[in-house]
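Visitor: I've got a model open here and would like to talk through the wording people use for it. Can you walk me through it?

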Amino acid sequence: MSATHEFHQRVISDAGAAVRGLTVALGERLGLYRALAEAGPLTPAALAERTGISRRYAEEWLHSQLSAGYVERHPSADTYTLPAAHVPVLADPQAVTFAAGFFTALKALYATEDLLVGAYRTGDGVGWAEHDPALDTGMGSFFQPTYEHRLVPDWLPALDGVTAKLAAGGTVADIGCGVGHTTLLIARAFPEATVHGFDYCEEAIVIARQLAEEAGLSDRVRFEVASADDYPGSGYDLVTFFNALHDMGDPVAAAQHAYKSLDPEGTWMLVESNVSPQDIDTDTPAARMFMALSAVMCLPVAVAQRGPHALGNHSGEKAFRAIAQEAGFTRWRRAAETPVNAVYEVRP
């Protein structure tokens with residue numbers, strides 16, 4: 001087999017994966033994976049009846065999942081099963097490995113193709129607000145399982161003295177909070193703490209306020225529209241940035257404002273992608289995903305803010321540490337990490 005033929009097959013495989021992402025989004029939104037997990041094995045007709053979709057579409061969707069190796073078929077009964085090992089990835093939103101929710105972001109990313117073509121030609125950016133709200137939903141779904149399982153039990157305790165301060169009624173500013181997943185996790189875990197969530201996207205803040213109300217936390221959690229370099233308040237015990245600094249047009253100004261808003265003994269918790277410029281040619285799933293996302297989302301979002309820097313999501317620890325030092329911080333420590341995220345403890 002020639003090298004050209006091998007590469008052609010690889011690109012065809014990638015094209016198939018890109019289209020398959022839409023079938024995953026459909027399966028997640030329509031509850032098809034959950035139905036298979038809860039009641040399988042199911043025939044196409046039984047899946048259609050259980051989920052309220054057309055039988056013919058159920059059959060075609062199952063064929064696409066079988067071809068992908070996501071489901072298994074039992075030909076004698078014409079039934080399909082979601083293997084037990086696949087359930088935490090495709091059907092259980094509470095699992096740390098849940099990934100199906102990410103694919104709703106494709107709706108937003110593919111829809112900005114024309115804007116990206118223009119941005120690549122002119123050097124301009126594509127702002128977060130120019131994307132469909134599905135981007136908030138999809139990216140939130142991608143990071144949320146890790147936050148759910150790691151933030152309170154692992155990451156916060158890894159920071160020196162932070163959990164004791166929050167338990168005693170400390171104050172938190174969650175910057176770039178999006179729809180408030182991390183903000184609400186912290187508020188639930190520390191009933192005595194006062195937690196503020198700030199994001200420059202008004203649509204995200206509206207959703208965050210609704211979620212806080214539904215969770216019964218609106219008395220202790222405040223969500224406001226503000227950017228990373230002008231959010232209100234001072235003397236915070238903890239300031240958090242979750243996978244947000246690399247999307248900012250002026251990360252130095254954001255770091256400087258974090259420094260000014262902290263209590264002198266406070267902590268800046270910086271969570272970023274666990275990749276670096278050295279990973280550009282690293283053949284791991286996380287590296288490949290981050291490189292692609294940076295080219296179509298992270299870099300254009302940062303450029304759109306017309307600041308002095310546009311980092312991309314794989315700037316790496318060296319770049320982030322230099323930004324912190326320029327902002328006035330003197331202490332830096334990698335407190336925790338996963339294959340996807342690095343957690344830094346940054347102190348004045």
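Guide: Sure, and keep in mind that this is a predicted model. Let's start with helix H12, residues 251-261, which lies across E6 and E7 and runs at about 145° to E7.

Visitor: What makes you say that helix H8 lies across strands as well?

Guide: Contact here means heavy atoms within 4.5 Å. H8 (residues 134-155) lies across E6, E7 (262-273), E8 and E9 (341-347), and its angle to E9 is about 45°.

Visitor: Why are E3 and E6 called paired?

Guide: The cut-off is at least two bridges between two strands. E3 (residues 171-175) and E6 (residues 236-242) have four bridges and run parallel, so they count as a pair. One example is isoleucine 175, whose bridge partner in E6 is phenylalanine 241.

Visitor: Which strands belong to the sheet, and in what order?

Guide: It's an open sheet of seven strands, ordered E5-E4-E3-E6-E7-E9-E8, with mixed pairing.

Visitor: What makes E5 and E8 edge strands?

Guide: E5 (221-225) and E8 (331-337) each have a single partner strand, so one side of each has no neighbour in the sheet. On average, neighbouring strands of this sheet are turned by 20° against each other, direction ignored.

Visitor: What is in the largest nonpolar core?

Guide: That core has 46 residues, and Met139, Trp155, Leu156, Met269 and Met297 have the most contacts inside it. H8 supplies its largest share, eight residues. Membership requires burial, meaning under 20% relative accessible area, so Leu156 counts as buried. Leucine 156 touches residues including Val162, Phe190 and Met269.

Definitions and conventions: Residues numbered from 1 in each chain as written. Predicted model: local features only at pLDDT ≥ 70, side-chain atom pairs only at ≥ 80, totals over all residues. Heavy atoms only, no water. Helix = DSSP H or I, 4+ residues; strand = E, 2+ residues; numbered from the N terminus. Axes fitted to C-alpha atoms, helices over the stretch in contact; angles between N-to-C directions. Core = buried A, V, L, I, M, F, W, Y, C linked by side-chain atoms within 4.5 Å. Buried < 20%, exposed > 50% of the residue type's maximum accessible area, 1.4 Å probe, protein only. Lists of a residue's contacts leave out its neighbours within four places in sequence.
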